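Grab a pencil and get ready to look closely at a protein chain. Each exercise below gives you a task and then walks you through a solution.

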Amino acid sequence: MISHPLAFMRLPYDLLVAMDSRTLHFWLQPEHYLIRIVHIISMAMFFGMDMLFDLGILNRRVGNRLAPVAQLMVRPLHVTFTIAMLSGVVLFFYDPVRIGSRAYLSPKLLLITLAMLNAMWCHRTVYMPVLCGRPVATMRGRVGACFSLALWTGVMVMSCLNSEGVPKVFLR
């Protein structure tokens, strides 16, 4: 049998079983789909705002006009990120064995970590000048925005790949 190319990154099954709590599962079961809806909407809002912000940094014609939009987006960006992360953790602990056994969870978590490290790297030299209205036509700003776009797009791709299994039958 051909193994999945990212199978080496899967979380150990024994660890997933140790984290499983049927009490939490049954407690959250009536609200499970509401939590999923909140997670998907907050994730989509965060991703959309982050893309607009990064594309604004990459667009030289926008220049100083990005500051008012960035100032408007910064709080919702942080709020939606927090909601997406918290709801994602709750969804993971709802059924850690099933969620943790999926092939693309570990790469998704790795990409989230790298995207957060990139945001920390860019915070003072890229994001703060944008919020203050100074142009960010530096190489570091462009590289940081490109990394941000690539990493968060990767997170979304891994999320999509994780949500559905590979078809068992290919229809022609």
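The exercises go from the overall fold to single residues and pairs. Keep in mind throughout that this is a predicted model.

**Exercise 1: The big picture**

Work out what kinds of secondary structure the protein chain holds and how many of each.

*Solution.*
- Step 1: Count the elements. You should get 7 helices and 0 strands.
- Step 2: Write them in order from the N terminus, which gives α-α-α-α-α-α-α.
- Step 3: Check how much is tucked away. Of the 172 residues, 35% count as buried.
- Step 4: Look at the outside. The accessible surface comes to about 11200 Å², and 71% of that belongs to carbon and sulfur atoms.
- Step 5: Look at the contacts with a separation of 6 or more. Residues 24 or more positions apart account for 82% of them.

**Exercise 2: Inside the largest nonpolar core**

Find which residues of the largest nonpolar core touch the most other members, and which helices supply the core.

*Solution.*
- Step 1: The core has 25 residues, and the ones touching the most other members are Phe53, Ile57, Tyr127, Val130 and Trp152.
- Step 2: Now trace the helices. Helix 3 (32–58), helix 4 (66–94), helix 6 and helix 7 (139–163) each supply at least two residues of this core.
- Step 3: Helix 6 gives the most, with 8 residues.
- Step 4: Don't stop there! Another core, of 5 residues, lies apart from this one, and its members include Phe92, Val97, Ile99 and Leu105.

**Exercise 3: Val130 up close**

Decide whether Val130 is buried or exposed, and say where it lies.

*Solution.*
- Step 1: Place the residue. Val130 lies in helix 6, which covers residues 105–131.
- Step 2: Compare its accessibility with the cut-off. Val130 has a relative accessible area of 4%, and buried means under 20%, so Val130 is buried.
- Step 3: Pick a partner from elsewhere in the chain. Val69 is 61 residues away in sequence, yet the C-alpha atoms of Val130 and Val69 are separated by 9.8 Å.

**Exercise 4: Two residues to contrast**

Say how Ser106 and Ile37 each count: buried, partly exposed or exposed.

*Solution.*
- Step 1: Ser106 sits in helix 6. Its relative accessibility is 10%, so Ser106 counts as buried.
- Step 2: Set aside the neighbours within four places in sequence, and Ser106 is in contact with Met9, Arg10 and Leu11.
- Step 3: Ile37 is in helix 3. Its relative accessibility is 46%, so Ile37 counts as partly exposed.
- Step 4: Ile37 also helps make a nonpolar surface patch of about 390 Å², together with Leu34, Ile41 and Met45.

**Exercise 5: Rings that pair up**

Classify the ring pair of Phe81 and Trp152, then do likewise for Phe92 and Phe93.

*Solution.*
- Step 1: Start with the total, which is 4 aromatic pairs.
- Step 2: The ring centres of Phe81 and Trp152 are 6.0 Å apart and the planes stand at 80 degrees, so this pair is edge-to-face.
- Step 3: Phe81 lies in helix 4 and Trp152 in helix 7, so the pair ties together parts that are 71 residues apart in sequence.
- Step 4: Phe92 and Phe93 have their centres 5.2 Å apart with 80 degrees between the planes, and that pair is edge-to-face.
- Step 5: Check the cover. Phe92 is buried at 14%, whereas Phe93 is partly exposed at 32%.
- Step 6: Ring pairs also link Phe46, Phe81 and Trp152 into a cluster.

**Exercise 6: Follow the charges**

Trace the salt bridges and find which residues they link into a network.

*Solution.*
- Step 1: Recall that side chains of opposite charge can pair when their charged atoms come close.
- Step 2: Searching the whole structure gives 3 salt bridges.
- Step 3: Asp20 meets Arg22 at 2.9 Å, N to O.
- Step 4: Arg22 also bridges to Asp95, with the closest N and O atoms 3.7 Å apart. This pair links distant parts of the chain, 73 residues apart: Asp95 is in the loop between helix 4 and helix 5 (96–100), and Arg22 is in helix 2 (residues 22–28).
- Step 5: Asp95 meets Arg98 too, at 3.3 Å, N to O.
- Step 6: Join them up, and the network holds Asp20, Arg22, Asp95 and Arg98.
- Step 7: Add the accessibilities. Asp95 is buried at 13%, while Asp20 is partly exposed at 28%, Arg22 is partly exposed at 37% and Arg98 is partly exposed at 40%.

How values were computed. Residues are numbered from 1 along each chain as its sequence is written. This is a predicted model: local features need pLDDT of at least 70, side-chain atom pairs count only at pLDDT 80 or more; totals for chains, interfaces and linings use all residues. Side-chain values use heavy atoms; hydrogens and water are left out. Helices (H or I, at least four residues) and strands (E, at least two) are DSSP runs, numbered from the N terminus. Buried means under 20% relative accessible area, exposed over 50%, partly exposed in between (1.4 Å probe, protein chains only). A nonpolar core is a set of buried Ala, Val, Leu, Ile, Met, Phe, Trp, Tyr and Cys residues joined through side-chain atoms within 4.5 Å. Contact means heavy atoms within 4.5 Å. Patches are made of residues with over 30% relative accessible area and no salt bridge: like charges are joined within 9 Å, nonpolar side chains (Val, Leu, Ile, Met, Phe, Trp, Tyr) within 5 Å. Accessible areas come from the Shrake-Rupley method with a 1.4 Å probe; for residues, only the protein chains shown count as cover. A salt bridge is a side-chain nitrogen of Lys or Arg within 4 Å of a carboxyl oxygen of Asp or Glu. Rings of Phe, Tyr and Trp (its six-membered ring) pair if their centres lie within 6.5 Å; planes under 30 degrees apart count as stacked, over 60 as edge-to-face and the rest as tilted.
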